[in-house]
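Trainee: I would like to learn how to read backbone angles, burial and surface charge from a model. Please take me through some cases.

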Amino acid sequence: MSTENPTHNEVNFATPRSFGATLKSHLKETFFPDDPFRQFRNEKSCGRVVKKAVQYFIPIFEWLPNYNLRLFRFDLLAGITIASLAIPQGISYAKLANLPPVIGLYSSFVPPLIYAVFGNSKHLAVGTVAACSLLIANTIGEKVSFKDDPTLYLHLVFTATFFTGIFQTILGLLRLGILVDFLSHPTITGFMGGTATLICLQQLKGIFGLKHFTTKTDVVSVLRAIFENRDEWRWQSVVVGIIFLIFLQFTWFLKRKRPNLFWVSAIAPMVVVVVGCLFAYFAHADKHGIQIVGHLNKGLNPLSIEHLNFNSQYLPVTLKAGLITAIIALAEGVAIGRSFAIMKNEQVDGNKEMIAFGLMNIVGSFTSCYLTTGPFSKTAVNFNAGCRTAMSNIVMAICMMLTLLFLAPFFSYTPLVALSAIIMSAMLGLIDCKEIYHLFKVDKFDFLICMAGFIGVAFISMDNGLMMSIGLALVRTILYAARPTTCKLGKMQDSYLYRDTEQYPGSTGVPGVLALQLGSPIYFANSNYIRERILRWIQEEDDVVNDEESVVEHVLLDLSAFDYKS
């Protein structure tokens, strides 16, 4: 009887990489996951390298040489369409930020031009947004009242916008877009929902025609102010506001039912403003309890760089406003740009977008503009109108320039109740009840994160609500790493596959072998937990079969989830 020598298969262990190579690889994957320098590798001509570098950092030089009249026809229509939306939104959101209405028009002129040069998205439309407008008013208003000292308040808003641009540009240059990723989808959903609820309630001031109102931004204070000033309610204002709101909601409903009629919903705010101006002018509405915007200066943006206030007394509040709004504006703008790019199977570079947002806010703070980003409503209209490039932003800016030069005084008759109706109609679409319910059904922890942002913003304050939601999201991330999922594996019948025994009750284990699967790599934060969890699995196996004699002879660990490379 002969015995054959067992076959031994040698495992080839590659030489470990040096510390320098490992560090370089990790830094590249962290800061340059898109490998932006690949286009320069095979270039030997210095001129072509410079050309590609200019096109990379200034994207307009990439698409402008190939631009033609056919593309311009689409961009012209889209630019005019979003300009009709930018005028009422600019005035409305400026009032929401407690700023002169003309500042909102200024903010739709210069920033879109800057974005068209440096922006990476073809579909993003630049403009002011409600959430950041309210956040600026809340943060700056804690230090300086817009009623007591409107000039100082305005200068601090310009300064906060400048800091917003600085933070955004630094994040883009240092390629720290990873920080924005910590604003999870549940966090944004809850924050936007809470902000929209708060803004809708605040607009009841305009709907009821109130002259006195609270400066606080929580639901309880807002509702108290509305009912404490019942003697100021004006039925004329209520009737006009309800009519405008019904009209705006009808156009939104029409767009949902007939997507090809999106343009009806897009121009509806402009129709409300024009009709409101004509009504206020011919009916002398201001004499019947309906307040109007008031005088609007005609002319282009005056320089405001000399008005930036870096006084140490106000520096903390402007830095705070700049940092918070920078993160929120980036998260919203980059996410929206990527969402519409995916529909066309295109890619948007988040770090380029950060730099573009930062530059347009820096230049905007020098030219009497306040914070701008990529609002969803305007970008959706731009996309549906068939825009092809960022030229639509330039067309919008030209339309705004003509408005500022020739039509600004006409909008001075805009009723405040019309602006309130426009804002309320826009905010109702931001309260995504279906998504909140979906989070509740799918993941209770995500639902908790969402509701922390919603309730915190609505009942405490915007910044505290945002921090609560982000804090819970970070706690969840830490728990995932520190308490990884583990499961016992069993062999499925008539198969070579091993699966979780709880998910597949019919699977069976191998006698004497305990097979476990670990859901994440082992490191210092979870090593003790994994050791204790394995010991508990062994103990449970022993208790099931025999209380005295251990039947587990081998523990087999499935480490397929490990991806660590040295």
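**Reading the features**

Mentor: This is a predicted model. Start with Lys344, which is partly exposed, with a relative accessible area of 47%. Lys344 belongs to the loop between H14 and H15.

Trainee: Which residues gather with Lys344 in a patch of positive charge on the surface?

Mentor: A residue needs over 30% relative accessible area and no salt bridge to join a patch. Here Arg70, Arg73 and Arg388 gather with Lys344 on the surface.

Trainee: How should I read the sign of phi?

Mentor: Most residues other than glycine have a negative phi. His284 has a positive value, near 50°, and is not a glycine. Ser368 is another such case, with a phi of about 60°.

Trainee: Where is His284 found, and where is Ser368?

Mentor: His284 sits in the loop between helix H13 (262–283) and helix H14 (315–343). Ser368 sits in the loop between helix H15 (350–366) and helix H16 (376–384).

Trainee: Is Ser368 buried or exposed?

Mentor: The cut-off for buried is under 20% relative accessible area. Ser368 has 5%, so it is buried. His284, with 44%, is partly exposed.

Trainee: What span should helix H9 have at 1.5 Å a residue?

Mentor: The expected span is 1.5 Å times one less than the number of residues. Helix H9 (residues 185–202) has 18 residues and should therefore span 26 Å; its end C-alpha atoms are 25 Å apart, which agrees.

Trainee: How many residues of H9 are buried?

Mentor: In H9, 15 of the 18 are buried, so the helix is largely enclosed by the rest of the structure.

Definitions and conventions
Residues are numbered from 1 along each chain as its sequence is written. This is a predicted model: local features need pLDDT of at least 70, side-chain atom pairs count only at pLDDT 80 or more; totals for chains, interfaces and linings use all residues. Side-chain values use heavy atoms; hydrogens and water are left out. Helices (H or I, at least four residues) and strands (E, at least two) are DSSP runs, numbered from the N terminus. Buried means under 20% relative accessible area, exposed over 50%, partly exposed in between (1.4 Å probe, protein chains only). Patches are made of residues with over 30% relative accessible area and no salt bridge: like charges are joined within 9 Å, nonpolar side chains (Val, Leu, Ile, Met, Phe, Trp, Tyr) within 5 Å. Accessible areas come from the Shrake-Rupley method with a 1.4 Å probe; for residues, only the protein chains shown count as cover. A salt bridge is a side-chain nitrogen of Lys or Arg within 4 Å of a carboxyl oxygen of Asp or Glu. Lys and Arg count as positive and Asp and Glu as negative; His and the chain ends are not counted. The place of a charge is taken as NZ of Lys, CZ of Arg, CG of Asp or CD of Glu.
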